Amino acid sequence: MSPHHRKTLVVAGHGMVGHRFVQAAIERGLTETYDVVVVGEESRAAYDRVALTSFFEVGADELSLLPGGAYDDPRVRLVLGTSVDAVDPETQTVLLGTGEVLVYDELVLATGATPFVPPVPGRDLPGCFVYRTIEDLEAIRDAAATATVGAVIGGGLLGLEAANALAQLGLETHVVEMAPRLMAVQVDAAGGATLARHVEKLGLTVHTGAMTEGVLGEDRVTGLQLRDAEPIEAQVVVFSAGIRPRDALARDAGLDLAERGGVLVDERCRTSDPHVWAIGECAAPGGRMYGLVAPGYAMAEVVVDALLGGPGAFTGADMSTKLKLLGVDVASFGDAHAVTEGALELVFSDAVAGHYKKLVVLENEAGDGTVLIGGVLVGDASAYGVLRPMVASGLELPANPEDLILPASRGVPEIGLPDEAVVCSCNNVTKATILDHVAREDEPCADATCVTRCSGAGSTCGSCKPTVKKIVEDHFAAVGKVVDRSLCEHFRLTRQELFDVVAVHGYRTFDEVVGGHGTGRGCDVCKPTVASILASQLDGHVLETGRGTLQDTNDAYLANIQRNGTYSVMPRIAGGEVTPEGLIVLGEVARDFGLYTKITGGQRIDLMGARMEELPAIWRRLVDAGFESGHAYGKSLRTVKSCVGSTWCRYGVQDSTSLAIMLENRYRGLRSPHKIKGGVSGCARECAEARAKDFGVIATEKGWNLYVGGNGGATPVHAVLLAGDLDTETLVRYLDRYLMYYIRTADRLQRTAPWMASLDGGIERVRAVVVEDSLGLGSELEAAIDAHVDGYFDEWRATLDDPDKLARFVSFVNAPDVPDPHITFREERGQPAPGDSAGPVVLGATIGVGAPAVTS
């Protein structure tokens, strides 16, 4: 045979692992020797099954791992919509469903797994589905359009993902799990109980320790029959009770199989035939099947290495998991169940907050310290990025390891990961590899996004992205390099730079901004940021064509969403001053719509518990009575709190109420990087708590003292004096400059206190720009506020006058007259409160057939 003879490599299966194998083969030069033929059974190229539920929100294109539908390397041929029907190791051929016969030199089986459907009666009835492919989700969506209740059999990872899909489709959802807890493989009993409480609060009904005996119905599904329990009504049933390896090809070809199924392979992932390999869920290295994507990726790399003559071996995999299920953070890593001899458990549980955290520790070999060997996190998995690499690195724990899981207010000790620590388990990327990408001499990475692109760290499940970013930024800071502060992967600009770009070019839409200075389609970071910038500069309606889809959930519906899926209504009551007629209207609206009423700390009245479809009717009555939007839902001015001042109070030295009303009416609707609160006190007794606000004004005998940069919240900061004894005109001029300076230069979601702290010079810098006009921008900043004042309009009044904007206020886009059945109430102190089984917080109208979701 000629030494230049090109060999043929056939890959059976084009899922995530098969695609990863082909990628690695191209990147590492295997296609210099082999022509590669990839056969995929589905009609579409490989896509991200890990994020399958997001298909309802983003569509198939966003999930695709091969958007162009073909590999750049011409030596790779991709055949889709075709099955591999038979393998003959003796002749080294495979038979395709089309009748084509391929001759191979090497064959890689990447056929994945198939959902396990328990052999219960009725499992084949119309209305029964599995949860595996995009086509499965499309079929479930179609069935849900005419259903009201759905049930998922299986409470593991995939089962909860399937339940999330049914909840997104507006179905009352039941989860039926045979084990005594949810996610039995990943979390312990206490963690499972915490997870169940979270899930039930979202309106799903959980049945653990429940055995399904049959699917009820004659012509189609009508429910589930459980052992020793009442039947469950359901028109849609999804089986997600685990997976089974697709090993039929190997079995028919006479290859060795593992005892519990799966193609038996050695450490090189080679089967009992020397020219056939198996990777991913269909493979069983050492007799064990791995159902996560990270081990499959590792197997793919091992086979590529073996075909190149390398020493790579698969000796097991990190089965750590971190994901957000139904909005709940869940993580499991290492020896989560403490089965190692001598293991000790450190547990922190906060039932009120819904947090459960457990560390499993072991005394080190020297006997003078402890190391982390596993853990479980439910409700708050923010520490996962640091804790999981510690398991692999064997890093000694601090003297008080419980500090790693106690609330952040206690202060988490800094843990320096060793270079060999695996930061990204999905792609087996160590800290050293990340540092190599930013420190290499030849075209080093300039930011974390580049590191992700080059190394794969953070590109799969995304849970390690914060850790990757911190490693990159810490490295740059250590070598004296300016850290990249890009807004996100779609914009290489900071928010301040983006604000200036929009101003200079006069952009009016997100598409214009991203077309001129960004890439891609945007994300949940840059879309709301650009929307805020456009609103700050153009004073247009947030729901104008092209802007509605950019908004955070609250802005998208001009109301704050509550935990049971209802919304709050908070009209503006400037300075807390309201007439008796106004109070009567508010009371009548609350009574007629059954709303909870509360006087807020910002001197307004909050009406809570409104269904989405009720919002227009509620606001019609309020607008007709003279009320307007209080912008409680927006990153904008909220309130200017005031005392009664010299008008009524015997201690007051100035009319604080009139000033507060004037300032609130001046800055109402002013879009900003974060919410803004103000306060005006009529004397030094400070009844309006002005120094706890982003701007605070305190009356003096000579005028007003202006304080700036105060914040309440999790880290309270007192405002500091900017200028004293000001007349009202000067006060307003300084406030105009201060607020617009903040809006132009602060980072996204940055309150005024941390913004001032980040400025070089802090309050002195602000004083120089605002009071001394050191940059010569004073008149420009004032003019920007004047333009805002001149262009102000009430968003709710404008919405009520626009049928297109009103069309979004429905719970279900495919059944606009149907209220959300998940929303329940109970009575508390004579007022409505969210029901004990509060419904899911729906981010926008629930999806119907062919309708896109509105996402936050």
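**Cysteines and aromatic contacts in a predicted model**

Cys454 comes out as partly exposed, at 37% relative accessible area. Keep in mind that this is a predicted model. The cysteine sulfur closest to that of Cys454 belongs to Cys445, at 3.7 Å, which is too far for a bond; the cut-off for a disulfide is 2.5 Å between the sulfur atoms.

Cys445 is already spoken for, since a disulfide joins Cys445 to Cys450 with an S to S distance of 2.4 Å. That link is the single entry in its class: the structure holds 1 disulfide. The torsion about the S-S bond is -60°, making the link of Cys445 and Cys450 left-handed. Both of these cysteines, Cys445 and Cys450, are buried. Cys282, on the other hand, is in no disulfide, and the nearest cysteine sulfur, in Cys269, sits 9.8 Å away. Cys282 also counts as buried, its relative accessibility being 0%.

Now for the rings. There are 8 aromatic pairs in the structure. One of them brings together Tyr667 and Phe695, with ring centres 6.2 Å apart and planes at 75°, so this pair is edge-to-face; the angle has to be over 60 degrees for that label. Tyr667 belongs to helix 20 (residues 656-667) and Phe695 to strand 34 (residues 695-699), so the contact ties together parts that are 28 residues apart in sequence. Tyr667 and Phe695 are both buried.

Trp796 and Phe809 make another aromatic pair, this one tilted, at 5.3 Å centre to centre and with 35° between the planes. It, too, links distant parts of the chain: Trp796 is in helix 25 (residues 795-800), while Phe809 is in the loop between helix 26 (803-806) and strand 37 (825-828), 13 residues apart. As for exposure, Trp796 is buried, and Phe809 is as well.

Elsewhere the ring pairs join up. Tyr738, Tyr741, Tyr742 and Trp755 are linked by such pairs into a cluster.

Charged groups also turn up over rings. Arg20 lies over the face of Tyr297, 4.5 Å from the ring centre. In a second case, Arg685 lies over the face of Tyr651, with 3.7 Å to the ring centre.

Key:
Residues numbered from 1 in each chain as written. Predicted model: local features only at pLDDT ≥ 70, side-chain atom pairs only at ≥ 80, totals over all residues. Heavy atoms only, no water. Phe/Tyr/Trp six-rings, centres within 6.5 Å; stacked < 30°, edge-to-face > 60°. Helix = DSSP H or I, 4+ residues; strand = E, 2+ residues; numbered from the N terminus. Buried < 20%, exposed > 50% of the residue type's maximum accessible area, 1.4 Å probe, protein only. Lys NZ or Arg CZ within 6 Å of the ring centre and 35° of its normal.
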